[in-house]
Amino acid sequence: MEIHIKEPIEKEVNPRLLPGELLLCEASTVYKYMQEDGSNRGTYGKLVCTNFKISFLDDDSASDDNEPQFKNKIVGENDITLQCVDQIYGVYDEKKKLLTGQLKKYPEKLIIYCKDLRVFNFCLRYTKEEEVKRIVSGIVHHSQTPKLLKRLFLFSYASAAPNNTDGRNQTVMFETLEDWRDELERTKGNVKYKAVTTNEGYRVSEKLPLYFVVPICISEESILKYEGRGIPIWCWSCHNGAALLKMSAFPKEQDDSTSQMQKAFLDGIYKTISKPPYELLKLDDLSSSLPSLQDIQTAYTRFKQLFLIDNSTDFWATDVKWFSLLESTNWLEIIRKVLKKAIEVAECLEIQHTNVLLIEESATDLCCVISSLVQVMMDSHSRTKSGFQSLIQKEWVIGGHGFLDRCNHLHKSEKEEAPVFLLLLNCVWQLVQQYPPAFEFTETYLTVLSDSLYVPIFSTFFFNSQHQRDTNKSGESIKTQSGPFRFLTVWDWAVQFDPKAQAFLNNPLYAEKPKPDKSQRKTARFKHQRQLSLPLTPAKPSTKRGFFREETDHLIKNILGKRIGKFINSSDEAPNSLREFYDSWHSKPVDYHGLLLPRIDGPEIKVWAQRYLRWIPEAQLHGGGTIATAAKILDLMEEVQTLQVKMDEEHSQAVSGDVHSVPMLRNSARLSSLFPFALLQRQSVKPALPTSTWKDLEDEDDLVKRDDEFVDLSEDML
């Protein structure tokens with residue numbers, strides 16, 4: 001095979017280091033293969049490892065020419081943060097071997113699989129032996145071995161970086177009592193619920209935030225009794241007064257006396273919050289109604305393997321059995337189940353006016369997913385960028401989701417690892433792609449947010465709780481010699497992107513909520529309720545459906561026996577009312593500022609293409625996909641805005657300022673469908689047909705008479 005080699009760089013290229021970043025090891029004359037095709041094309045350069053990232057430097061790294069228009073200022077195209085490294089393989093005599101710990105023999109090739117689905121292939125044959133030992137050992141040690149929390153680059157950066165954060169951030173951080181009181185007032189929940197200071201100094205529990213909200217009738221003694229367990233904690237209030245609550249359950253394995261005391265305590269709590277003025281209460285134990293964290297981790301591990309492609313050959317080899325492989329991962333089915341659960345909760349709150357109490361062992365995993373999804377579906381504020389970021393702060397960051405453990409940032413225990421936050425983003429993406437005008441942010445925003453999970457200069461996703469963050473904030477600063485660390489928040493997008501790139505995070509087609517007319521303020525509330533609410537009494541079923549359900553059940557039981565009878569009995573009214581709620585909502589026009597219900601039937605649940613396929617050129621459409629549609633719409637918008645300028649010169653500056661809100665969509669014919677991550681990738685060298693038939697097709701004279709190929713996928717499913 002012909003090898004296309006870019007000559008080794010002659011001039012010295014040094015990595016661009018962030019404040020606090022230290023160069024640990026490097027190797028010259030490393031050959032990086034291009035992932036795009038199956039050839040051996042590539043370029044020579046230097047491979048370096050710092051306390052923040054692994055980076056490949058070639059002669060293009062030294063210049064700012066041909067820089068991508070959507071550029072991350074912190075992590076470059078050839079940079080991999082240490083936390084983003086998933087697995088490292090060495091190639092010995094064409095055989096791949098997983099690299100961990102101490103190495104006795106060093107590989108001739110290095111393959112790095114990343115958590116953002118990039119794959120890097122490096123050839124070390126032309127590198128000096130001593131440099132190979134240093135760089136391979138350094139990369140494996142610093143990215144794969146367990147480490148202490150204070151060894152994260154987060155602390156090095158915080159101690160060395162200047163404190164010049166953007167003060168314009170509108171995200172509510174929920175770190176103060178006032179933030180919680182404002183949220184109660186915004187949702188009209190302050191009549192029945194109160195923000196408490198019981199956990200100041202973390203005297204109740206280190207897992208709970210400093211401040212949180214509980215029903216007014218809950219006493220301080222109750223909160224203190226079991227370290228916050230068994231206490232309903234407020235998440236959100238619906239416009240009709242019904243509230244979404246969560247609760248940390250008691251351990252299941254307890255002795256009888258302790259178990260009876262806890263049961264009596266819970267019964268007392270339930271009775272207290274079921275009396276007026278509180279609505280009826282529905283309990284939902286998520287550990288029994290949703291997949292386990294282990295199931296979620298297993299499904300995602302299988303799912304991501306479909307996209308960690310070494311080369312074009314691997315991609316086309318799996319093409320013919322793509323659907324069976326996708327189905328066997330069970331990842332899309334888990335997304336469907338989670339969305340269905342969120343619809344169930346929304347129906348209880350919206351139609352039945354019932355409080356819903358989500359129960360989980362720690363109330364910091366699936367509780368976070370469901371509570372966040374319900375708020376995105378029911379509260380249009382959570383579909384704005386600042387509202388969504390505030391929601392993540394409230395339910396996840398301050399709510400105590402264990403990002404450090406679930407993302408396994410310290411490589412301490414794979415048993416604790418589970419992509420719970422990624423599951424939420426996948427579910428939100430389903431809503432974003434089904435109802436684009438309802439969201440102020442784009443799928444690109446969700447993609448870069450998922451990437452930010454692995455960028456350890458932000459504290460947002462690198463602690464298990466507010467207590468852990470607060471206790472680790474104190475430290476020595478290089479600048480001030482003393483005082484607490486000042487961590488960055490991921491919500492300051494200016495740290496990662498310049499204004500031009502940030503434009504891709506904002507949806508230009510967002511149907512912004514019209515501001516109510518002051519003269520009609522009295523009726524605004526009533527109209528808002530009408531938009532959000534569905535009829536309280538479910539629509540009457542047709543005669544046919546009613547007859548089948550009421551008249552034939554007894555007949556079927558007698559004819560088909562008890563086994564079928566049991567099955568019919570098990571399907572109570574809840575699924576029927578849920579289906580009626582779902583069908584009724586979808587039969588009406590969508591109010592983008594009201595309730596949103598995701599479509600979850602059959603193929604409506606889709607793969608988040610931008611995130612999972614963006615590094616695979618074979619999966620890209622050049623000049624096609626949603627980006628082409630968006631470009632045409634933006635052209636029309638620009639024409640309308642230009643006409644508006646001519647019609648009303650007074651507002652010309654204000655209107656024309658928004659004309660170029662997404663400036664890089666010009667010349668969309670050359671853009672990839674996975675823009676802005678894949679800009680102008682080269683076309684695949686393979687045909688866009690399954691390879692199983694391609695060779696046969698080449699020799700066919702009469703393709704019209706050829707029968708479709710039958711492929712038995714039963715073996716692949718086993």
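# Reading a predicted model

Mentor: Glu178 and Arg181 form a salt bridge, with their closest N and O atoms 3.6 Å apart. Keep in mind that this model is predicted.

Trainee: Why is the contact between Glu178 and Arg181 called a salt bridge?

Mentor: The cut-off is 4 Å between a side-chain nitrogen of Lys or Arg and a carboxyl oxygen of Asp or Glu. Here the closest N and O atoms are 3.6 Å apart, so the pair qualifies.

Trainee: How are Glu178 and Arg181 placed in helix 3?

Mentor: They sit 3 residues apart in helix 3, residues 177–186, so about one helical turn separates them. In general, an α-helix has 3.6 residues a turn, so residues three or four places apart point the same way.

Trainee: What makes Glu178 and Arg181 partly exposed?

Mentor: Partly exposed runs between the 20% and 50% limits. Glu178 has 46% relative accessibility, and Arg181 has 42%. Both values fall in that range, so both residues are called partly exposed.

Trainee: How do you know that Asp379 and Arg186 form a salt bridge?

Mentor: Their closest N and O atoms are 2.8 Å apart. That is within 4 Å, so the rule is met.

Trainee: Where in the chain do Asp379 and Arg186 lie?

Mentor: The pair links distant parts of the chain, 193 residues apart. Asp379 is in the loop between helix 11 (366–378) and helix 12 (385–397), while Arg186 is in helix 3.

Trainee: Is Asp379 buried or exposed?

Mentor: Its relative accessible area is 9%. Buried means under 20%, so Asp379 is buried. Arg186 has 32%, so this partner is partly exposed.

Trainee: What makes Arg599 and Glu604 a salt bridge?

Mentor: Their side chains meet at 3.4 Å, N to O. The limit is 4 Å, so the pair counts. Some salt bridges also share partners, joining Glu183, Arg186, Lys246, Asp379, Lys394 and Glu395 into one network.

Trainee: How many salt bridges does the rule give?

Mentor: The count comes to 28 salt bridges.

Trainee: How many disulfides does the structure hold?

Mentor: It holds 0 disulfides. Take Cys25. The closest cysteine sulfur, in Cys49, is 4.5 Å from the sulfur of Cys25. A disulfide needs the two sulfur atoms within 2.5 Å, so this pair is too far for a bond.

Trainee: Is Cys25 buried or exposed?

Mentor: Cys25 has 10% relative accessibility. That is under 20%, so Cys25 is buried. Cys217 has 33%, so Cys217 is partly exposed.

Trainee: Which strands form the open sheet with mixed pairing?

Mentor: The sheet has 4 strands, in the order 12-13-15-14.

Trainee: What makes strand 12 and strand 14 edge strands?

Mentor: Strand 12 (233–237) and strand 14 (281–285) each pair on one side only.

Trainee: How do you know that strand 13 and strand 15 pair?

Mentor: Pairing takes at least two bridges. Strand 13 (residues 243–248) and strand 15 (residues 355–360) are joined by 5, so they pair. These two strands run parallel. Ser248 stands opposite Glu360 in strand 15. Helix 10 (residues 331–350) packs on the sheet, touching strand 12, strand 13, strand 14 and strand 15.

Trainee: What is notable about the phi of Ala363?

Mentor: Its phi is near 60 degrees, a positive value in a residue other than glycine. Most residues other than glycine have a negative phi. Ala363 is in the loop between strand 15 and helix 11. At 6% relative accessibility, Ala363 is under the 20% limit, so this residue is buried.

Trainee: Which peptide bond involving Pro277 is cis?

Mentor: The one joining Pro276 and Pro277, with omega about 10 degrees. Pro277 lies in the loop between helix 5 (256–272) and strand 14. Phe675 to Pro676 is also a cis peptide bond, with omega near 10 degrees.

Trainee: What is the mean pLDDT of the chain?

Mentor: The mean is 83, and 78% of the residues reach 70 or more. Over residues 477–481, though, the pLDDT is below 50. It stays under 50 over residues 654–663 as well. Where pLDDT is low, the predicted coordinates should not be read in detail.

Terms used:
Residues numbered from 1 in each chain as written. Predicted model: local features only at pLDDT ≥ 70, side-chain atom pairs only at ≥ 80, totals over all residues. Heavy atoms only, no water. Buried < 20%, exposed > 50% of the residue type's maximum accessible area, 1.4 Å probe, protein only. pLDDT = per-residue confidence, 0-100. Contact = heavy atoms within 4.5 Å. Axes fitted to C-alpha atoms, helices over the stretch in contact; angles between N-to-C directions.
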